[in-house]
Amino acid sequence: MKRFAIVLTMMPCLSLQLHAQRSFLNTPDAYLGQAPPSDTPKIFAPGLLADSGTFVMGRVAFSHDGKEFYYTQNDSWESGEHARLKTIRYRDHHWGKPEVVAEQFISPTLSMDGSVLYMRKANMRNVWESHRNGDGWSPSTVLMNPTYGVYDYMPTLSGNAYVGSDPDPEDVKNGSTYVFSLLTIANGKVRVQSLGRPLNEPGFNGDLYIAPDESYMIVSAKETPTYESELYVSFRKPDSTWTAPISLGPKINDGLAHRWGQYVTPDGKYLFYSHGTSEKDCAIYWVRFDSLLETLRPKRP
């Protein structure tokens, strides 16, 4: 395993981030200047993100101040050969044109302090990183390349990370072929542990979004053998176990389709996710999420 590092965010940095969120993310220029969605999902920035003959797919990411947007352009669900990780930045009071950050990489994820950009290549057993370098990013280097799955790697404020990974023997008994897992590091050793049931169902459990404070996780669930799925949310209990996943409802789960790449914006208002019944109609959707989340959150006694 290669070098492994997790950047912990300090409170002054968080305070600055929250101030930036309040200032820019509440302006008409936020989110590429797109009209915000209601509780009915809609395509994000149609026609603005992908070159002709390609489409956008997978997880997206916004910088903490909302002035950088990261996404993947590709021409295939099956291959990353022509994938391009791109960014659009807000500078001098306007959004610029898409710029390529890295070739053949997908699934952009920012560290908690925004100084590291995580990504992966085609398979599910690698994590790469780039570091902020002035106004750009350093060349990408391998962060993790283990023999087990580190799919959908997402860090949190505590220093923990969450991934989709290989099942343990109990998961195999329950029919899980891939499982949502907690990744921790102690004394230089990395440990990946399944989160068990009821979070992990029979079949594939890999596509996830974890809240920075680890209070909830959005998962792709009810996956078919060809990976069509629905979006559900699970909440972490005080004992660090997880509630049974709850559907995000019929407006989001509106029929058989691939749903993955879920991501919640820094202000907590919007959920982004990839949706497609095929490569031809694959797109990034967004929907108002904060009020929906509160209706689903378990009520305290």
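This report describes a predicted model, taking in turn a sheet, the nonpolar cores, the salt bridges and a cavity.

## A four-stranded sheet

Four strands make up an open sheet with antiparallel pairing, and their order is β1-β23-β22-β21. The edges are held by β1 (42-43) and β21 (258-264); each has a single partner strand, so one side of each is left without a neighbour in the sheet.

Going through the sheet from β1, two bridges join this strand to β23, and the two run antiparallel. Lysine 42 has tryptophan 286 in β23 as its bridge partner. β23 (residues 283-288) is mostly covered, with five of its six residues buried. Six bridges join β23 to β22, again in the antiparallel sense. Histidine 275 is paired there with alanine 283 of β23. The connection from β22 to β23 is a hairpin of six residues. On the other side, β22 (residues 270-276) pairs with β21 over five bridges, also antiparallel. Leucine 271 in β22 stands opposite valine 264.

## The loop before β21

Glycine 255 lies in the loop between β20 (246-247) and β21. Its relative accessibility is 35%, so glycine 255 counts as partly exposed. Serine 38 is 217 residues away from glycine 255 along the chain, and the C-alpha atoms of the two are separated by 19 Å.

## Nonpolar cores

The largest nonpolar core has 62 residues. Which of them touch the most other members? They are Phe44, Tyr216, Met217, Leu271 and Phe272. A second core, separate from this one, has ten residues, including Met144, Val150, Tyr153 and Leu183.

Phenylalanine 272 can be followed in more detail. Leaving aside neighbours within four places in sequence, the contacts of phenylalanine 272 include Tyr31, Phe44, Val60 and Phe62. Also among them are Gly261, Gln262, Tyr263 and Thr265. The list is completed by Ile284, Tyr285 and Trp286.

## Salt bridges

Side chains of opposite charge can pair when their charged atoms come close. The structure holds 15 salt bridges. One of them is formed by lysine 86 and aspartate 51, whose closest N and O atoms are 3.3 Å apart. This pair links distant parts of the chain, 35 residues apart: lysine 86 is in strand β4 (residues 84-91), and aspartate 51 is in the loop between β1 and β2 (55-62). Are the two partners buried or partly exposed? Lysine 86 has a relative accessible area of 4%, under the 20% limit, and is therefore buried. Aspartate 51, at 39%, is partly exposed.

A second salt bridge joins the side chains of aspartate 166 and arginine 125, at 2.9 Å from N to O. This pair also links distant parts of the chain, 41 residues apart. Aspartate 166 is in the loop between β13 (161-165) and α2 (169-173), while arginine 125 is in the loop between β8 (116-120) and β9 (127-133). Aspartate 166 has 30% relative accessibility and so counts as partly exposed. Arginine 125 is also partly exposed, at 29%.

In a further salt bridge, the side chains of glutamate 294 and arginine 297 meet at 3.0 Å, N to O. Glutamate 294 is partly exposed at 42% relative accessibility, and arginine 297 is partly exposed at 27%. Elsewhere, salt bridges that share partners connect Glu68, Arg89, Arg91, Glu99, Arg132 and Asp135 into one network.

## The cavity

How many cavities of 30 Å³ or more does the structure hold? There is one. The volume of the largest cavity is about 70 Å³.

Residues that line the largest cavity include Arg59, Ser107, Thr109, Tyr118, Met119 and Arg120. Asn126, Val127, Val150, Tyr151, Asp152 and Tyr153 also belong to the lining. Three strands, β7 (106-110), β8 and β12 (151-155), each supply at least two of the lining residues. Val150 and Tyr153 appear in this lining and are also members of the second nonpolar core.

Methods. Residues numbered from 1 in each chain as written. Predicted model: local features only at pLDDT ≥ 70, side-chain atom pairs only at ≥ 80, totals over all residues. Heavy atoms only, no water. Pairing = 2+ DSSP bridges. Buried < 20%, exposed > 50% of the residue type's maximum accessible area, 1.4 Å probe, protein only. Core = buried A, V, L, I, M, F, W, Y, C linked by side-chain atoms within 4.5 Å. Contact = heavy atoms within 4.5 Å. Salt bridge = Lys/Arg side-chain N within 4 Å of Asp/Glu carboxyl O. 1 Å grid on protein atoms, 1.4 Å probe; cavity = no way out; pocket = protein on both sides within 12 Å on 5 of 7 lines; lining within 4 Å. Points joined across faces, edges and corners; volume = space filled by probe spheres on them.
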